[in-house]
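Biologist: Hello! I am new to this structure and would like to learn how to read its features step by step. Could you show it to me?

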Amino acid sequence: MNKTILKTALAVFVAALCVACTGKKDGEITCNLEGTIKGISGTDSLLIIDIMGEDTLGMMEVKNEAITPVQVTINEKVFALLSTKDQRGILIPIFLEEGTVKIDGDINDPASLKVSGTPMNEENNEVKAKMAELEKASEDADTEETMKKMADIIKPVIKKHKDDPMSFYYFLQYYSLFDNAGQLELINDISDKWGEEEMIANLKTALEKQTASQEGNMFIDFEAEYEGKVQKLSDYVGKGSYVLVDFWASWCAPCRAEIPNLIKAYNDYKDKGLVVLGVATWDKPEDTMRAIEELEIPYPQIMNAQNAGSDAYGIEGIPEIILFAPDGKIEARGLRGSAIEARLKNIYK
């Protein structure tokens, strides 16, 4: 349910251990880190990595399971990760802010690691406890209702922390709990500086396009050129017939698995006016042509569409099968398998 999207490219370790910082300037934040980490024999080191900037802020030495106290001075609150020095893995998120952060747990059991001591870290623990209770109580409950309850917990946290990194972390961790409109609301509400992050900006663009092309809206036209011929979606859609459009690629196994369903739909309903159309997405034309022959696809194709169709409809994964009404409005999105037949059977009964 949780989809954690985190930058994994780590900067080369260039910062030395920040200790006994003096001459603190206005606006600077001093964060002390201490605690105990079990499972470390002898001496080891852990890196403190700024996820936003990919900078290494400091290094914690762990000697006989005890953390040698570290003091990190930063200009603003930071969402960081604690990583082993050889970057074997990311262990736990930490919010760096004014005060003393305590880290306790077992390095061999990441779930046992607990960060506490400062307001954001304490609030994070409270939220995680509430989410864990819901997950435990929802084993036999309706999943949709559980997700709504989780969203009700997360939304005010993101809004409350819109100007600090906790909003960024919680959005990345839990945005899948919200529908398109809910995600856009959160993106528009959080601080502009998070919206400048490439991942957030790209997601916002995709969501805006998905919202513009949701069910009930008029189709969005696009065009593609192949062998000197330009084809448009409007060559097929909005002409008085239902049009079933499959955005697919030859290399995509789930796409190929849907082809028999589309061929069946074409054969069963073409005489009743249904138009079935393939849109070759993110694919080499020669590979598309080979797949058309192999799969014996009888319906027409918009060749070499590449990103044109996916950009127009905010498509992030294929196959994406969309049914357009005779007037060009979007009748249904995300059709797969038996849902295709069920929808067409209802139309052509």
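Biologist: Let me start with a single side chain: is Lys-160 buried or exposed?

Modeller: Happy to help, and please keep in mind that this is a predicted model. The general idea is to look at relative accessible area, where under 20% means buried and over 50% means exposed. Lys-160 has 58% relative accessibility, so Lys-160 counts as exposed.

Biologist: Which residue forms a salt bridge with Lys-160?

Modeller: For this, we look for a side-chain nitrogen of Lys or Arg within 4 Å of a carboxyl oxygen of Asp or Glu. Lys-160 pairs with Glu-123, and their closest N and O atoms are 3.3 Å apart. Lys-160 belongs to helix α2 (residues 143-160) and Glu-123 to helix α1 (residues 119-137), so the pair ties together parts that are 37 residues apart in sequence. Glu-123 is buried, with a relative accessible area of 15%, whereas Lys-160 is exposed.

Biologist: How many salt bridges does the rule give in total?

Modeller: The count comes to 12 salt bridges. Another one joins Asp-189 and Lys-159, with the closest N and O atoms 3.6 Å apart. This pair also links distant parts of the chain: Asp-189 sits in helix α4 (residues 180-189) and Lys-159 in helix α2, 30 residues apart. Asp-189 is partly exposed at 27% relative accessibility, and Lys-159 is partly exposed at 28%.

Biologist: Which residues are linked with Lys-159 and Asp-189 in a network of salt bridges?

Modeller: Lys-155 and Glu-185 are linked with them in that network.

Biologist: How far apart in helix α7 are Asp-268 and Lys-264?

Modeller: They are 4 residues apart in helix α7 (residues 253-269), which means about one helical turn separates them. Their side chains meet in a salt bridge, 2.6 Å from N to O. Asp-268 is partly exposed at 37% relative accessibility, and Lys-264 is partly exposed at 43%.

Biologist: Now for strands. Why is strand β15 described as largely enclosed?

Modeller: A good habit is to go along a strand and ask how many of its residues are buried. In β15 (residues 320-324), 5 of the 5 residues are buried, so the strand is largely enclosed by the rest of the structure. Glu-320, Ile-322 and Phe-324 point one way, while Ile-321 and Leu-323 point the other way.

Biologist: Which strands are joined to β15 by bridges?

Modeller: Strand β12 (residues 243-248) is joined to β15 by 5 bridges, and the two run antiparallel. Strand β16 (residues 330-332) also runs antiparallel to β15, with 2 bridges. You can follow Phe-324 in both pairings: Val-243 stands opposite Phe-324, and so does Ile-330 in β16.

Biologist: What about the hairpin of β15 and β16: which residue takes a positive phi there?

Modeller: Gly-328 does, with a phi near 100°, and the hairpin has 5 residues between its strands. In the hairpin of β3 and β4, with 2 residues between the strands, Asn-64 takes a positive phi near 50°. Strand β3 (residues 55-63) and strand β4 (residues 66-67) pair in the antiparallel sense over 2 bridges, with Lys-63 opposite Ala-66.

Biologist: One last feature: which residues form a negative surface patch?

Modeller: Here we look for like charges gathered on the surface. Asp-221, Glu-223, Glu-225 and Asp-235 form such a negative patch. Asp-221 lies in the loop between α6 (198-212) and β10 (223-226), and Asp-221 is partly exposed with a relative accessible area of 35%.

Note on methods: Residues numbered from 1 in each chain as written. Predicted model: local features only at pLDDT ≥ 70, side-chain atom pairs only at ≥ 80, totals over all residues. Heavy atoms only, no water. Patch = residues over 30% accessible without salt bridge, like charges linked within 9 Å, V, L, I, M, F, W, Y side chains within 5 Å. Areas by Shrake-Rupley, 256 points an atom, 1.4 Å probe, with all protein chains shown as cover. Lys, Arg positive; Asp, Glu negative; His and termini not counted. Charge placed at Lys NZ, Arg CZ, Asp CG, Glu CD. Buried < 20%, exposed > 50% of the residue type's maximum accessible area, 1.4 Å probe, protein only. Pairing = 2+ DSSP bridges.
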